[in-house]
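Visitor: I would like to take a close look at a single part of this model, and then follow you wherever the picture leads.

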Amino acid sequence: MAYDGKLLRRAQAKYEEDRSRHEEEMARRREAIFLRQPRLRDIDRELKATMAKIIRSALVRGTDPSGAIEVLRDENLSLQKERAGLLRAMGLPEDALEEKPLCPLCEDRGYRKNGEVCRCLREYYAREQKKELSRLLDLGNQSFESFSLDWYSDAERPETGISDRENMDRTKRVCRRFADNFAPGKSANLLLFGPPGLGKTHLSAAIAREVSDGGFSVVYDTAGHVFSCFEAEKFGREEERESGVERILGCDLLILDDLGTEMVTTFVQSALYQLVNGRLISGKKTVVNTNLTPYQLGERYSPQVQSRFEGEYRILPFFGEDIRKLRRKQM
């Protein structure tokens with residue numbers, strides 16, 4: 001999984017806050033037990049002192065420390081036995097005074113011994129990512145379950161041979177399979193095209209939600225902002241690099257919204273080709289939303305971009321009546 005550095009830092013900060021709260025809660029729990037049975041505090045101190053003695057004895061040079069270590073070990077076991085008996089008498093488990101980490105896999109470090117991000121920290125990252133996505137998309141309401149086919153006509157279109165509803169039913173199923181079976185390097189890319197108000201953003205939000213819940217990194221951004229990030233990278237505007245090209249190229253799934261609404265320049269044409277081709281080469285997946293047909297995209301950007309879309313993307317046309325207008329009529 002590729003990580004957005006900004007989101008990972010936020011996740012780590014939240015992780016550290018919860019770890020500190022957990023440690024404070026453990027300390028309060030231990031203190032409450034010691035107040036109920038003061039002998040347990042003494043045993044705790046003696047056990048720590050005994051462990052220090054064992055370590056010192058093991059480090060003594062020139063003498064055989066094994067005999068001393070065995071005596072100290074017996075003292076340690078005797079103290080542990082006394083502690084367990086006192087805790088049982090209080091109706092508490094024998095490990096009630098142990099400092100237990102929230103995550104036994106990494107012992108609350110956030111990273112495994114091999115350097116990989118632990119599952120616990122990934123969960124924090126996923127929550128921060130969902131917050132970021134929710135800032136741009138209505139993840140709370142825009143899901144596959146809430147995507148209604150009732151807004152689409154069931155009358156057959158002569159030019160397509162199917163109805164708007166049949167087309168959108170198929171499109172929804174394709175998007176659902178894409179999200180459910182998402183895997184970098186395996187899933188197809190998607191090109192969603194058609195007039196405004198037909199559900200492209202809704203299905204994109206549903207995809208973002210499911211893929212993010214699956215533990216993958218997702219970036220949703222408009223084409224205009226993406227191209228401004230490429231410009232910042234080229235012209236060295238440091239203040240804009242934080243959420244720039246590395247984040248866009250490195251995420252597991254990029255959802256590029258409103259392609260075709262930005263001003264087209266030679267730089268934008270080159271940046272789009274670099275983006276599309278670079279993610280294809282690296283096996284990173286992309287969903288593109290646009291009001292333009294693949295042919296119009298080729299005219300606007302380049303035949304090479306059109307070729308990549310037609311050859312490497314599953315093309316999903318959206319047609320029907322503007323849902324926003326239909327809703328206003330019912331109000």
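In which strand is the place of Asp258?

Guide: This is a predicted model, and within it Asp258 has its place in strand E3, which covers residues 253-259. What draws attention to Asp258 is its backbone, for it has a positive phi of about 60 degrees although it is not a glycine. As for its surroundings, Asp258 is partly exposed, with a relative accessible area of 35%.

A second aspartate can be set beside it. Asp108 is likewise a residue other than glycine with a positive phi, in its case near 65 degrees, but its place is in the loop between helix H3 (66-89) and H4. While Asp258 is partly exposed, Asp108 is buried, with a relative accessible area of 6%.

From here we can turn to the cysteines. The structure holds zero disulfides, and two cysteines show how this looks in detail. Cys103 is in no disulfide, and the nearest cysteine sulfur, which belongs to Cys118, is 3.6 Å away; because a disulfide requires two cysteine sulfur atoms within 2.5 Å, this pair does not count as one. Cys103 is also buried, its relative accessible area being 6%. Cys106, too, takes part in no disulfide, since the nearest cysteine sulfur, that of Cys120, lies 3.5 Å away, and Cys106 is buried with a relative accessible area of 0%.

Cys120 leads us on to helix H4, where it is one of the residues in contact with H1. Two packed helices are described by the angle between their axes and the distance between the axes. Here helix H1 (residues 5-36) and helix H4 (residues 119-136) pack at an angle of about 120 degrees, and their axes are 8 Å apart. That angle makes H1 oblique to H4, because angles from 65 to 115 degrees would count as roughly perpendicular and those over 145 as roughly antiparallel. The crossing of these two helices, H1 and H4, is right-handed.

On the side of H1, the residues that make the contact include Leu7, Leu8, Arg10, Tyr15 and Asp18, while on the side of H4 they include Leu121, Tyr124, Tyr125, Glu128 and Lys131. Taken together, the residues of the contact of H1 with H4 divide into eight nonpolar, two polar and seven charged.

Notes. Residues are numbered from 1 along each chain as its sequence is written. This is a predicted model: local features need pLDDT of at least 70, side-chain atom pairs count only at pLDDT 80 or more; totals for chains, interfaces and linings use all residues. Side-chain values use heavy atoms; hydrogens and water are left out. Axes are lines fitted to C-alpha atoms, for helices over the stretch in contact, and angles run from 0 to 180 degrees between N-to-C directions. Helices (H or I, at least four residues) and strands (E, at least two) are DSSP runs, numbered from the N terminus. Angles under 35 degrees count as roughly parallel, over 145 as roughly antiparallel, 65 to 115 as roughly perpendicular and the rest as oblique. A crossing is left-handed if the near helix is turned anticlockwise from the far one by less than a right angle, and right-handed if clockwise. Contact means heavy atoms within 4.5 Å. Ala, Val, Leu, Ile, Met, Phe, Trp, Tyr, Cys and Pro count as nonpolar, Asp, Glu, Lys and Arg as charged, and the others, Gly among them, as polar. Buried means under 20% relative accessible area, exposed over 50%, partly exposed in between (1.4 Å probe, protein chains only).
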